[in-house]
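Reader: Before I rely on the vocabulary used for this structure, I should like each term to be justified. Please set the values against the definitions.

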Amino acid sequence: MPKVKPHRVSPSLDMTPMVDLAFLLVTFFMLTATPTEDTAVVVDTPSSVSDKQLPDKGVLQISIDKEGRVFFSSDSQPVKIAALEKVGAKYGQSFSAKEKKQFALLPDFGLPAQQLKSYLNLPAEQRKAVKQPGIPVDSLNNQLAEWVMAARAENIRTFNSAPYIAIKGDGTADVPTVKNVIKILQEKNLNRFYLVTDLETKPVASN
Amino acid sequence: MAEIQQQADSGKGGKKRAKKMSTKIDMTPMVDLAFLLLTFFMLTTTFAKPKVMQISMPVKPKDETEEQNELKASDAFTILLGENDKIYYYEGLLDATTKPQLQLSNYSADGIRKTLVDRRAQRPTTVVMIKADDKANYKNMVDILDEMTITGQKKYALVDITKEDTDLIKSSGL
């Protein structure tokens with residue numbers, strides 16, 4: 001009986017389908033990716049059952065971190081620059097074109113208008129080390145209202161629609177700060193806003 | 001790599017054939033790169049866009065003397081958010097003469113949610129007033145607003161806590 005020779009199979013395998021798949025996924029992720037922004041403050045939002053999405057455009061976001069510091073951000077660069085000019089003028093600050101550009105690139109900020117200029121002139125890697133004190137929100141020095149109103153006016157002027165105002169609070173932030181921010185908005189007759197939350201599944205209320 | 005180059009056989013003494021090149025190319029580096037990119041994009045993508053909860057605050061009355069709807073004591077249901085994730089609630093209104101019975105509750109399904117559902121089964125016109133103590137945190141506020149959504153409570157309001165309310169919590173000893 002002749003010996004059964006094992007069938008010699010070439011050890012190379014056809015990688016083409018795998019490559020196809022890999023590139024398909026790469027393309028998918030590239031197109032859907034919205035890179036995570038390197039924000040100045042970490043906010044751990046509480047979860048809620050609401051499944052409403054935060055709109056993509058035209059959002060003014062007020063972040064409140066766990067120490068009660070208030071940060072402000074807008075998703076539109078022209079709006080930010082216009083707001084900077086307006087608020088800066090009010091507090092006797094003028095900014096160069098370069099500083100404005102730098103400001104537009106900031107994901108968010110929490111500084112009094114007086115300190116912005118020096119902050120913007122820092123090199124990007126040194127900015128991280130700066131502990132931002134938050135935007136002043138007390139009744140004597142209410143800069144948050146200025147920012148919100150300036151950004152809102154600019155948003156209406158350029159996009160013809162009022163921006164959505166989102167409050168992104170940390171779960172452990174204290175209620176007085178949050179209430180204060182809400183009160184400031186109410187004083188400016190802004191009565192509808194969004195609270196940014198994470199999603200949790202909706203339990204069924206039984207009776 | 002994973003390929004074995006087939007030796008092109010050279011005929012004995014015959015014509016010199018052009019060396020047959022394999023049509024396969026080594027795809028491994030490309031695959032490496034593809035997966036590297038894939039991993040990068042997967043990790044940097046924020047998948048879940050944040051969700052939002054919409055709240056509308058009442059329009060500030062232009063005139064303090066403007067007439068406001070009085071809330072009937074029988075419809076009123078007040079929730080107080082205390083420190084350490086405690087919830088207190090009472091039915092009716094608190095004033096100098098009447099001191100409603102304060103109850104302790106919590107954020108679980110059997111806690112405030114059940115109370116609210118029961119209360120509304122008895123009295124569908126219930127209006128919930130949410131008063132957050134200064135020591136409560138923002139999560140409590142979101143949670144209780146969430147309970148309103150879960151239980152389908154349409155009429156509710158965020159109200160400032162009064163001194164009477166904090167005194168009531170203190171004196172109740174809960």
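Author: The expected span of a helix is 1.5 Å times one less than its number of residues. The model discussed here is predicted.

Reader: How do you know that the span of helix α3 of chain B agrees with its number of residues?

Author: Helix α3 of chain B covers residues 138–151, which is 14 residues, so at 1.5 Å a residue a span of 20 Å is expected. The C-alpha atoms at its ends are 20 Å apart, and the two values therefore agree.

Reader: What does the same rule give for helix α2 of chain B?

Author: Helix α2 of chain B, residues 109–122, also has 14 residues. From its first C-alpha to its last it reaches 19 Å, close to the 20 Å expected.

Reader: Why is α3(B) called mostly covered?

Author: A residue is buried if 20 or more other C-beta atoms lie within 10 Å of its own. In α3(B), 11 of the 14 residues are buried, and the helix is mostly covered. Among them are B:Tyr138, B:Met141, B:Ile144, B:Leu145 and B:Thr151. Charged side chains also appear in this set, including B:Lys139, B:Asp143 and B:Glu147. Just after the helix, B:Gly152 takes a positive phi of about 70 degrees.

Reader: Which residues of α2(B) are buried, and what covers them?

Author: B:Ile112, B:Arg113 and B:Leu116 are buried in α2(B). Their cover includes the strands β2 (76–81), β3 (87–91) and β4 (103–105), together with α3, of chain B. Over chain B as a whole, 21% of the 174 residues count as buried.

Reader: What makes chains A and B count as touching, and which element of chain A gives the most?

Author: Two residues are in contact if their C-beta atoms lie within 7 Å. By that criterion, 53 residues of chain A are in contact with 47 residues of chain B. On the side of chain A that touches chain B, α1(A) gives the most, with 9 residues. The residues of that side divide into 29 nonpolar, 17 polar and 7 charged.

Reader: How do you know that β6(A) and strand β1 of chain B pair?

Author: Two strands pair if at least two bridges are found between them. β6(A) is joined to β1(B), residues 51–56, by 6 bridges, so the criterion is met. The two strands run antiparallel. Within this pairing, A:Tyr194 has B:Gln54 as its bridge partner in β1(B).

Note on methods
Residues numbered from 1 in each chain as written. Chains lettered and ligands numbered in written order. Predicted model: local features only at pLDDT ≥ 70, side-chain atom pairs only at ≥ 80, totals over all residues. Helix = DSSP H or I, 4+ residues; strand = E, 2+ residues; numbered from the N terminus. Buried ≥ 20, exposed ≤ 12 C-beta atoms within 10 Å, placed from the backbone.
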